Amino acid sequence: MKKAFLLVVVLFMLVAIPATVFLAGRNSELRKRAAPATSLSLTPATINKKAGDVFSVEVTIDTGPNQVVAAELHLVFDPTKLEAQTITNGSLFPNILASGIVDRGTASITVGAANAAKPVTGTGATAVVKFKALDKTDAPVSIRFAANTFVGSLGEGSNNVLTGTTPASVTITGTGGIGGGPATPSGTLTQTTPTPTIPAGQIPKTTPTLTPTLLTPTPTVSASQSGQATSAAVLITTPTKDTNVAQATPTISGKATPGARVTITIYSTPQTVVVTADASGNWSYTPTTPLDPGPHNVIATATDPSGSTQTTTTSFVVSQGATQSAQPVSGTVENTYVLITIAILLLISGAVVPMVIH
Amino acid sequence: MTNFLEQNTSPKLTTIVSTLALLAFLPLLLFGVYQAVIIVSRATGTPANIVIDATNVLEPIRTDFYHAFAQGGEESKDMLSPVVNEVRALNPQLIRLDHLYDHYDVVGRSGNDLTFNFSKLDSAVDTVLATGAKPLLALSFMPSAIARGGKIIDPPNNWDEWSLVVQRTIEHYSGKSGKNLNGIYYEVWNEPDLDQFGSWKLSGDKNYLTLYRYAATGASRAQNVNYFLLGGPATTGLYQNWILALVLSGNRLDFLSWHSYLSDPKRFNDDQRNLISWLLPYPNYTLIPKLITEFGFTGNKSAGYGSMYAAAHTAATIRQLISGRPTYAFSFQPVDGPNQGASGDGWGLITHEDNGKKKKPRYFVYNFLDSMAGNRLALSGEGTWVTGFSTIQNGTIRVMLTNFDSGGNHVETVPITWSNLEPGTYTYRERFLLGRDVTLKETVTGNSLIKQVYMPSQSVAILELTRQP
């Protein structure tokens with residue numbers, strides 16, 4: 001009897017263990033698929049304007065299943081063809097958390113839901129950007145999202161839940177109201193095509209004509225263009241997730257497609273840098289500015305030579321009292337004054353003292 | 001000269017005299033170089049060339065967030081009582097009180113038990129309520145009855161007693177059977193990082209996180225209370241490690257607070273931007289209220305607080321926070337402490353009653369700026385010294401300009417262009433804070449109007465443009 005009971009228990013365990021593993025794995029897979037499902041697009045997606053025209057572009061969010069609390073938007077575009085005049089919040093996000101900045105080739109703003117009890121769900125306007133068409137384009141130019149665009153959602157921890165972005169394509173013809181005609185009211189722009197999320201792996205038809213001069217302040221043009229990001233093509237291997245690091249300048253390293261440009265943004269005091277994966281696909285970066293003790297998040301976005309992008313994130317904690325790598329310490333203004341003064345005195349003594357003596 | 005020296009002095013003496021002369025001139029030379037650098041750096045700023053697009057309407061702005069004030073504790077009494085009418089006229093939304101437990105004799109001891117007497121603090125809170133504001137109560141400092149060695153900046157002998165103090169305070173003011181106040185902010189301590197207030201750290205014996213944790217425990221034990229908010233860390237500046245330590249501490253955290261004494265108004269915008277970037281990875285905390293519970297251009301007493309300097313600094317700071325701002329920014333402080341100079345070098349907006357309760361220029365800036373209510377309009381061309389913003393409400397376009405020079409007396413004549421106007425006749429009003437107020441008629445035949453406005457040093461102006469029917 002005892003033997004039979006033992007046999008039943010063993011058999012039960014043999015069935016239960018793989019079943020549990022399978023179910024847990026499936027739940028995990030479901031979650032993996034459900035979490036990263038928010039996308040941003042620009043509306044209209046295709047714009048035809050004359051030089052001098054002023055027009056609005058709406059940043060539209062589709063939150064998917066996420067409960068979005070905030071979105072940090074960074075747009076990049078060709079500053080020789082377009083000038084951003086203003087950026088403000090859209091109707092879905094009543095809070096401007098960090099004021100809009102328009103600069104040469106960039107526009108950014110951080111917007112938030114009313115409060116955490118009323119997160120944003122659904123589809124609607126995140127922000128509205130007003131542009132001026134500057135010059136005729138030979139081919140359409142794009143307005144797109146920079147890699148450090150971030151969307152935060154309740155229940156998703158520090159993950160960037162943004163997985164897909166859709167740029168806008170702008171064609172500017174030669175003549176128009178140069179000098180700034182009245183702004184075209186929002187919503188009356190010609191929308192020549194709908195703005196679908198681009199299917200996985202498909203590169204948008206927008207010609208990527210951006211030049212490196214567009215990259216300030218974020219030194220990258222690698223807007224996330226994939227409709228469905230996969231984390232397979234870019235990996236962060238160190239630091240591993242949620243570990244404590246003893247160095248204030250920890251080396252962040254990983255793998256990507258050989259030759260891919262990897263944009264690394266450290267979210268604490270934001271630092272963004274672009275590195276290139278070597279022939280073996282390895283890349284690494286050591287922050288030049290020591291990180292403060294406490295938690296830090298890293299977002300790495302790889303743009304492979306074909307132009308497609310993938311994003312992955314990790315987080316780690318810099319321990320209290322972490323050591324800093326040896327770094328040169330710059331002098332102070334006061335030191336400079338003293339050195340200049342000593343130099344002047346030496347010059348004077350070199351000229352005057354011999355004169356006086358002789 | 002050379003012959004005379006050669007004949008009458010030894011070469012050694014000449015060398016010594018020359019060296020001494022050079023050394024004597026050294027401070028003068030240093031000072032000269034320093035001044036030259038200041039002059040050169042000041043001259044490198046950009047003058048403003050303001051352009052307002054009358055058709056580019058942006059988000060609505062809030063004009064209540066700067067109607068918040070923090071009263072310090074230079075006297076152990078209800079300091080606002082003598083100026084309650086003057087403070088009420090400021091339309092305050094929130095008034096912060098600190099020194100709760102060392103100035104108002106709240107906590108005592110009878111044997112092993114603590115005793116509580118809120119009568120003196122109640123008077124101060126009632127004065128705040130009489131101004132039309134709600135109190136923000138900074139839970140500071142440690143009651144001497146429970147503090148280690150009786151020192152009010154040290155930890156208590158028994159942390160549970162600190163929890164009890166916080167619990168009883170919340171029950172008294174937010175309790176439905178107490179003062180029955182709703183939506184009260186309770187801020188844990190005041191400037192914990194400052195030596196004067198205990199030099200608390202984020203670890204060790206004087207760990208702010210421990211202080212906060214036991215305060216949160218007390219808050220959680222408060223019974224039969226209305227909605228209230230608990231937060232901190234009320235540090236002397238916005239420090240990432242303090243903010244994130246509190247966020248990650250796992251304690252109840254309903255709002256974040258810090259103090260900002262910054263001469264450069266643009267740094268208030270930088271702080272807001274930094275804070276949001278730190279909080280974005282923590283979605284549960286990204287949207288909680290953020291309070292600058294004290295701000296000014298310096299934490300030291302200064303004659304600037306008695307002049308237009310402070311008014312212009314406040315206006316320039318509000319401009320920096322008009323889009324992307326904290327929930328409230330508390331000006332420090334409504335009324336001077338005693339024994340201040342007649343020039344008004346205390347932090348107050350109003351001089352102490354011993355100095356006649358005189359209103360300083362900064363007092364007038366808050367209500368002056370309220371007329372800017374409306375939707376923000378696109379404004380470009382701000383300069384190094386002259387900054388501003390524009391709004392539109394009921395067809396009237398307003399432009400707030402301030403010329404704030406933190407280190408000197410810069411003056412500027414500013415070109416202002418209103419573009420995309422409808423042709424017609426407009427009423428143009430130009431009024432300066434505590435200065436001229438003129439109204440003119442302007443005819444716009446094209447679609448723009450250009451004016452030149454002289455901005456004296458440390459000045460604040462509002463320009464209004466209304467199309468006549």
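A residue counts as buried here if 20 or more other C-beta atoms lie within 10 Å of its own, with C-beta atoms placed from the backbone. Keep that cut-off in mind as we walk through this predicted model, because helix α11 of chain B has 13 of its 13 residues buried and is therefore largely enclosed by the rest of the structure.

Let us stay with that helix for a moment. α11(B) covers residues 308–320. At 1.5 Å a residue, its 13 residues should span 18 Å, and the end C-alpha atoms are indeed 18 Å apart, so expectation and model agree.

Now step back to chain B as a whole. Its C-alpha trace spans about 90 × 85 × 50 Å along the principal axes, and the chain holds twelve helices and 19 strands. Of its 469 residues, 48% are buried. If you take the contacts between residues at least 6 apart in sequence, 72% of them join residues at least 24 apart.

Chain B is divided into three parts: domain 1 runs over 2–40, domain 2 combines 45–61 with 373–467, and domain 3 takes in 68–370. The C-alpha centres of domain 2 of chain B and domain 3 of chain B lie 35 Å apart. Where these two domains touch, domain 2 of chain B contributes 17 residues and domain 3 of chain B contributes 19 residues. On the domain 2 side, β13 (386–393), β14 (396–403) and β19 (459–467) of chain B each supply at least two residues. That side of domain 2 of chain B is made up of eight nonpolar, seven polar and two charged residues.

Those three strands are also part of an open, nine-stranded sheet in chain B, ordered β17-β16-β19-β14-β13-β12-β1-β15-β18, with mixed pairing. At its edges stand β17 (437–444) and β18 (449–455) of chain B; each has a single partner strand, so one side of each is left without a neighbour in the sheet. On average, neighbouring strands of this sheet are turned by 30° against each other, direction ignored. At the β18(B) edge, β15(B) (residues 412–419) and β18(B) pair in the antiparallel sense over seven bridges. To find this pairing on screen, look for B:Glu412, whose bridge partner in β18(B) is B:Met455. Here our helix returns: α11(B) packs on the sheet, touching β13, β14 and β19 of chain B, and its direction makes about 125° with that of β14(B).

Chain A offers a sheet to set beside this one. It is an open sheet of three strands in the order β13-β15-β18 (chain A), with antiparallel pairing. β13 (234–238) and β18 (282–285) of chain A each have a single partner strand, so each of these edge strands has one side without a neighbour in the sheet. The twist averages 30° from one strand to the next.

The middle position belongs to β15(A), which covers residues 252–256. β15(A) pairs with β13(A) in the antiparallel sense over four bridges, and A:Val234 has A:Ala256 as its bridge partner there. The pairing of β15(A) with β18(A) is likewise antiparallel, over four bridges, and A:Ile252 stands opposite A:Tyr285 in β18(A).

How do the faces of such a strand arise? In a regular strand the side chains alternate between the two faces of the sheet. In β15(A), the covered face carries A:Ile252, A:Gly254 and A:Ala256, whereas A:Ser253 and A:Lys255 lie on the uncovered one.

Technical notes: Residues are numbered from 1 along each chain as its sequence is written. Chains are lettered from A and ligands numbered from 1 in the order in which they are written. This is a predicted model: local features need pLDDT of at least 70, side-chain atom pairs count only at pLDDT 80 or more; totals for chains, interfaces and linings use all residues. Domain bounds come from an automatic or database domain assignment. Two residues are in contact if their C-beta atoms, placed from the backbone, lie within 7 Å. Ala, Val, Leu, Ile, Met, Phe, Trp, Tyr, Cys and Pro count as nonpolar, Asp, Glu, Lys and Arg as charged, and the others, Gly among them, as polar. Two strands pair if DSSP finds at least two bridges between them. Axes are lines fitted to C-alpha atoms, for helices over the stretch in contact, and angles run from 0 to 180 degrees between N-to-C directions. A residue is buried if 20 or more other C-beta atoms lie within 10 Å of its own, exposed if 12 or fewer, and partly exposed in between; C-beta atoms are placed from the backbone. The expected span of a helix is 1.5 Å times one less than its number of residues.
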